[in-house]
Amino acid sequence: LRNFKTSMITNWLKSRMGAFGFADSFEDDSKDQANTYDQALAVIAFTQAYEMQSAKKVLDALKAKQNANGGWYANYNPITGDNTDTTNSEYTGTIAWAIAAINFYTTASGDTSYINMAKSAAERIWQFFDNDPQSPTYGSLTGGMSGAKAIDWRSSEHALDVYSAFK
């Protein structure tokens with residue numbers, strides 16, 4: 001029963017995949033939007049279901065859209081791959097989930113072709129780390145960037161996402 005239900009989910013996810021390789025995050029909205037966080041979860045689900053070609057399709061799309069600084073914007077068009085995030089936000093938690101997905105896929109498949117993508121993303125995350133021992137927020141990470149503006153808030157969720165991705 002479990003395999004039947006999970007295959008239903010991965011089949012539905014595959015039906016949501018646009019030509020670019022991203023899965024549309026919402027079925028009932030009027031816009032084509034693929035949240036980067038959702039793409040990371042799709043990679044994990046496809047990998048868990050041993051649907052490596054689907055996982056690779058999403059990973060290849062992520063690879064194509066990775067920013068030169070190692071991060072990703074929050075949203076893309078699943079059909080064209082165009083950035084649909086009008087603020088050009090890069091969130092540390094979202095980047096961490098992409099790293100976790102790459103780690104999971106690499107471990108399960110033995111395919112190391114996405115390791116450099118994960119390393120580049122890890123370097124991006126470290127740019128948001130407070131490594132000043134005198135700082136009251138020492139050891140934390142900021143939320144990332146919203147356009148050219150740094151996000152000052154810190155989140156337990158993002159810190160735990162990063163911890164898990166780097167473990």
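**Exercise 1.** How many helices and strands are there in the chain?

*Solution.* The model is predicted, so local features need pLDDT of at least 70 and side-chain atom pairs count only at pLDDT 80 or more, while totals for chains, interfaces and linings use all residues. Residues are numbered from 1 along each chain as its sequence is written, and side-chain values use heavy atoms, with hydrogens and water left out. Helices are DSSP runs of H or I with at least four residues, and strands are runs of E with at least two, numbered from the N terminus. The chain has six helices and five strands. Read from the N terminus, their order is α-β-α-α-β-β-α-α-β-β-α.

**Exercise 2.** Determine which parts of the chain the salt bridge between Lys14 and Glu51 ties together.

*Solution.* A salt bridge is a side-chain nitrogen of Lys or Arg within 4 Å of a carboxyl oxygen of Asp or Glu. In the pair Lys14 and Glu51, the closest N and O atoms are 2.8 Å apart. Lys14 belongs to helix α1 (residues 2-15) and Glu51 to the loop between α2 (36-48) and α3 (52-65), so the bridge joins parts 37 residues apart in sequence.

**Exercise 3.** Classify Lys14 and Glu51 as buried, partly exposed or exposed.

*Solution.* Buried means under 20% relative accessible area, exposed over 50%, and partly exposed in between (1.4 Å probe, protein chains only). Lys14 has a relative accessible area of 34% and is therefore partly exposed. Glu51, with 18%, is buried.
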